[in-house]
Amino acid sequence: MYLARFSYDVLPADRQRAIDLIRREVETAREEGRNARLLVPLTRGPGGAALQFEVELASLDQLERVRHGGPGEDMGGLMHAFSEILVAPPGVEILRVDEAPTG
């Protein structure tokens, strides 16, 4: 299993709009059967992201669908709305979950 974490840097004035947009991403991922969540950092270092979106992926092939949506989804509109409020391009981390064998 993999985790994809997208970090967004937005101005305080745009924070609620960004939260609403990320919630739409979370909802879409959950409708497709993936675990997803909005992460709101309580503390941040210099240059740290204001908000994060994290989604579980069974395979890396699912990453393209998360970023660009599937048929009938208006992810282009969502990404355009995001681009209007982002201070910098989103940071993307791909993590592999270490699932140690039980025994």
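This passage describes the fold, the strand pairing, the nonpolar core and the charged pairs of a predicted model.

The secondary structure of the protein consists of three helices and four strands. Along the sequence these elements follow the order β-α-β-β-α-α-β. The chain has 103 residues, of which 31% count as buried. The accessible surface amounts to about 6,400 Å², and carbon and sulfur atoms account for 51% of that area. Contacts across long stretches of sequence are frequent in the following sense: among contacts between residues at least 6 apart in sequence, 70% join residues at least 24 apart.

Strand S3, which spans residues 51–57, takes part in two pairings. With strand S1 (residues 2–8), S3 pairs in the antiparallel sense over seven bridges. Within this pairing, Tyr-2 stands opposite Leu-57 of S3. With strand S2 (residues 36–39), S3 again pairs in the antiparallel sense, here over four bridges. Leu-39 has Gln-52 in S3 as its bridge partner. Strand S3 is also mostly covered, since six of its seven residues are buried.

The largest nonpolar core holds 20 residues, and those that touch the most other members are Phe-6, Ile-22, Leu-51, Phe-53, Val-55 and Phe-82. Two or more residues are given to this core by each of S1, helix H1 (15–31), S3 and helix H3 (75–85). The most comes from H1, which gives six residues.

Helix H2 covers residues 62–68 and includes Val-66. Val-66 has a relative accessible area of 7%, under the 20% cut-off, and therefore counts as buried. Val-66 and Ala-4 lie 62 residues apart in sequence, while their C-alpha atoms are 9.2 Å apart in space.

Strand S4 comprises residues 91–96, and Val-92 is one of them. Leu-95 lies in S4 as well. Tyr-2 and Leu-95 are 93 residues apart along the chain, yet a distance of 5.5 Å separates their C-alpha atoms. When neighbours within four places in sequence are left aside, the contacts of Leu-95 are Met-1, Tyr-2, Leu-3 and Arg-5. Leu-95 has a relative accessibility of 31%, which lies between the 20% and 50% cut-offs, so this residue counts as partly exposed. Val-92 is likewise partly exposed, with a relative accessible area of 47%. Together with Leu-60 and Ile-94, Val-92 makes a nonpolar surface patch of about 240 Å².

The charged side chains form a further set of contacts. Side chains of opposite charge can pair when their charged atoms come close. In this model the count comes to five salt bridges. One of them joins Glu-54 to Arg-5, with the closest N and O atoms 2.5 Å apart. This pair links distant parts of the chain, as Glu-54 belongs to strand S3 and Arg-5 to strand S1, 49 residues apart. The two partners differ in cover: Glu-54 is buried, with a relative accessible area of 5%, whereas Arg-5 is partly exposed at 22%.

Another salt bridge is formed by Arg-34 and Glu-32, whose closest N and O atoms are 2.4 Å apart. Arg-34 is buried, with a relative accessible area of 10%, and Glu-32 counts as partly exposed at 27% relative accessibility.

Glu-56 and Arg-37 also meet through their side chains in a salt bridge, with an N to O distance of 3.8 Å. Because Glu-56 lies in strand S3 and Arg-37 in strand S2, the pair ties together parts of the chain that are 19 residues apart in sequence. Arg-37 counts as partly exposed, at 29% relative accessibility. Arg-5, Arg-37, Glu-54 and Glu-56 are joined into one network by salt bridges that share partners.

Key:
Residues are numbered from 1 along each chain as its sequence is written. This is a predicted model: local features need pLDDT of at least 70, side-chain atom pairs count only at pLDDT 80 or more; totals for chains, interfaces and linings use all residues. Side-chain values use heavy atoms; hydrogens and water are left out. Buried means under 20% relative accessible area, exposed over 50%, partly exposed in between (1.4 Å probe, protein chains only). Two strands pair if DSSP finds at least two bridges between them. Patches are made of residues with over 30% relative accessible area and no salt bridge: like charges are joined within 9 Å, nonpolar side chains (Val, Leu, Ile, Met, Phe, Trp, Tyr) within 5 Å. Accessible areas come from the Shrake-Rupley method with a 1.4 Å probe; for residues, only the protein chains shown count as cover. A salt bridge is a side-chain nitrogen of Lys or Arg within 4 Å of a carboxyl oxygen of Asp or Glu. Contact means heavy atoms within 4.5 Å. A nonpolar core is a set of buried Ala, Val, Leu, Ile, Met, Phe, Trp, Tyr and Cys residues joined through side-chain atoms within 4.5 Å.
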